[in-house]
Amino acid sequence: MPRLQPPAFVVRTLARQLGGPSGRLGAVVARMLNKGNRPTITAAVDALDLGGRETVADIGFGGGYGLDLLLKAVPDGVVHGVEPSADMLTRAARNHHEELAVARLQLHEAAMQSLPLASGLLDGWISLNTIYFVDDLGPAFDELARVLAPTGRGVLGVADPAWLAAQPVARHGFTVRPVAEVVARLERSGLTVEQRQVTGSRPTAGAAPYHLLVCTTGRPA
Ligand SMILES: C[S@@+](CC[C@H](N)C(=O)[O-])C[C@H]1O[C@@H](n2cnc3c(N)ncnc32)[C@H](O)[C@@H]1O
């Protein structure tokens, strides 16, 4: 039996939503992201190896599951959430009004290419499934390197490029890059990268691994 493909407009709409969830459909996509990406977001936060007092960020947090985990991981620290989607920011603010009120959570409407954060502020950041929507990685990775403290650690998460390229949504506005190209670009921004693989989130990912690129600055503390 041939596999049924969703109509092209459905695929295009989903692709657009994944790159910037908004409106009623955005709320559905946010829940879908939180459920589907739970294992890889959890693995990324675990890879930060946090002690509980750090200042950390989720850059491109989408549905906000990463913010939930980071807030739990740093009960005496501060979490920054950076997102270009106004609706995802509103959703995060609604879910975390208590932490916002005491500035334990700080939300920023911004993109990775221009982070409204002081240099060296972050002990850790995660950013998963975001760079598919970034045309030029140079300015974005320079920013990720700039905001990381000398002893900090960042975790960039990307799906297996072969698997992602085969997904119908990826034909609409996604840039799929080989992992080696992403690593080389992170290194050009001065980061040292350790590559780890975890089991992909989605059942359709089959045996395709998910890539966590664990970044450190190599700068003296
Ligand atoms: C596929 S969702 C991933 C959300 C979440 N990180 C996860 O893995 O579930 C991509 C998210 O990246 C955000 N995004 C798009 N372009 C971005 C950029 N230039 N900088 C930061 N985030 C961006 C989108 O608004 C969206 O929330």
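**Note on the predicted model**

1. Strand 4, which spans residues 122–128, is mostly covered in this predicted model. Of its 7 residues, 7 are buried, where buried means that 20 or more other C-beta atoms lie within 10 Å of the residue's own.

2. Strand 4 has a pairing with strand 1 (residues 55–59), formed in the parallel sense over 3 bridges. Within this part of the model, D58 has I126 of strand 4 as its bridge partner.

3. Strand 4 also pairs with strand 5 (residues 148–159), again in the parallel sense, and here there are 6 bridges. One position to inspect is G124, which stands opposite R153 in strand 5.

4. The next point concerns helix packing. Two packed helices are described by the angle between their axes and by the distance between the axes. For helix 3 (residues 38–48) and helix 4 (residues 65–73), the angle is about 35° and the axes are 10 Å apart. The crossing of helix 3 past helix 4 is right-handed.

5. Which residues make the contact between these helices? Helix 3 contributes R38, I41, T42 and V45, while helix 4 contributes Y65, G66, L69, L70 and A73. By character, the residues of this contact comprise 6 nonpolar, 2 polar and 1 charged.

6. The final point is the ligand, which is surrounded by 24 residues. The closest of them are G60, G62, A111, M112 and L128. L128 also falls within the range of strand 4, residues 122–128. The shell around the ligand consists of 13 nonpolar residues, 10 polar residues and 1 charged residue.

Terms used
Residues numbered from 1 in each chain as written. Predicted model: local features only at pLDDT ≥ 70, side-chain atom pairs only at ≥ 80, totals over all residues. Near = placed C-beta within 6 Å. Nonpolar A, V, L, I, M, F, W, Y, C, P; charged D, E, K, R; others polar. Axes fitted to C-alpha atoms, helices over the stretch in contact; angles between N-to-C directions. Helix = DSSP H or I, 4+ residues; strand = E, 2+ residues; numbered from the N terminus. Left-handed = near helix turned anticlockwise from the far one by under 90°. Contact = placed C-beta atoms within 7 Å. Buried ≥ 20, exposed ≤ 12 C-beta atoms within 10 Å, placed from the backbone. Pairing = 2+ DSSP bridges.
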